[in-house]
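User: I am new to reading protein models and would like to go through one slowly, with the reasoning spelled out.

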Amino acid sequence: HSLAVITTLLFLGIDIIDDLADGDDRKFWEGYSRDEINLAAMLLLCSLPQIFISRLDIPPKKKNILHQTLAESFLLMGSGQQFDLGFTKSLSVTVDEVEKSVIAKTGEELALFAALAAHYAGATKKQVKHYTEFARHLGTAIQFSTDCHDLFEAPYSRDLIHGTRTLPIVFHLERKKCEEREVFIRELAEAERNV
């Protein structure tokens, strides 16, 4: 189905951009420069989905709604990514700031997919809003779960290596007092060097 192709392309492009921003080097990228990988992500996000939307057998007005939904979500995800990048190795970020960033970034990604599907199916504005909100909450919960897995279950923590301030780290940091906080900060710095 064409909409499934569109959301798959978007997912892949978003995932590549996020990995590049986080400094994650995937094994399947071996032999490709960061510039080539970035170019692939840009094509997956900025060209192919729009071409597929324009070829959908739907009225022009609905195509415009899909294009607008895509553009508006990209703006929100971009702001979430910008905040996320700004939090790297920060010692002053708050739980509320991390939550807002995740909602705007990962939550918005699933919200986008739900909104595109709802608009495509001809849902009412109210229905679109409900599907979008549900997907945004689901995407946010998935990210928080992924962050916990990275810290407590994965063989090594990519977030610790890169100094990413995920919810569990910031939650713990916020609740530490003076000496305990300094100890935890030193432990984070040590983890970045040794993980």
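The questions below deal with salt bridges, helix packing and the nonpolar core.

Analyst: This is a predicted model, in which local features need pLDDT of at least 70 and side-chain atom pairs count only at pLDDT 80 or more, while totals for chains, interfaces and linings use all residues. Residues are numbered from 1 along each chain as its sequence is written, and side-chain values use heavy atoms, with hydrogens and water left out.

User: How many salt bridges does the count come to?

Analyst: Side chains of opposite charge can pair when their charged atoms come close. A salt bridge here is a side-chain nitrogen of Lys or Arg within 4 Å of a carboxyl oxygen of Asp or Glu. By this rule, the count comes to six.

User: Which parts does the salt bridge of aspartate 18 with lysine 105 tie together, and how many residues apart are they in sequence?

Analyst: The closest N and O atoms of aspartate 18 and lysine 105 are 2.9 Å apart. Helices are DSSP runs (H or I, at least four residues), numbered from the N terminus. Aspartate 18 lies in helix H1 (residues 2-22) and lysine 105 in helix H5 (residues 95-121), so the pair ties together parts whose separation in sequence is 87 residues.

User: Are arginine 136 and glutamate 108 buried or exposed?

Analyst: These two side chains form a salt bridge, with the closest N and O atoms 2.7 Å apart. Buried means under 20% relative accessible area, exposed over 50%, and partly exposed in between (1.4 Å probe, protein chains only). By that scale, arginine 136 and glutamate 108 are both buried.

User: How are H4 and H5 oriented, roughly parallel or roughly antiparallel?

Analyst: Axes are lines fitted to C-alpha atoms, for helices over the stretch in contact, and angles run from 0 to 180 degrees between N-to-C directions. Helix H4 (residues 60-87) packs against H5 at an angle of about 165°, with their axes 8 Å apart. Angles over 145 degrees count as roughly antiparallel, under 35 as roughly parallel, 65 to 115 as roughly perpendicular and the rest as oblique. That makes the orientation of H4 to H5 roughly antiparallel.

User: Which helix gives the most residues to the largest nonpolar core?

Analyst: A nonpolar core is a set of buried Ala, Val, Leu, Ile, Met, Phe, Trp, Tyr and Cys residues joined through side-chain atoms within 4.5 Å. The largest one has 14 residues, of which Ile6, Leu10, Leu66, Leu112 and Leu116 touch the most other members. At least two residues of this core come from each of H1, H4 and H5, and the helix that gives the most, with four residues, is H1.
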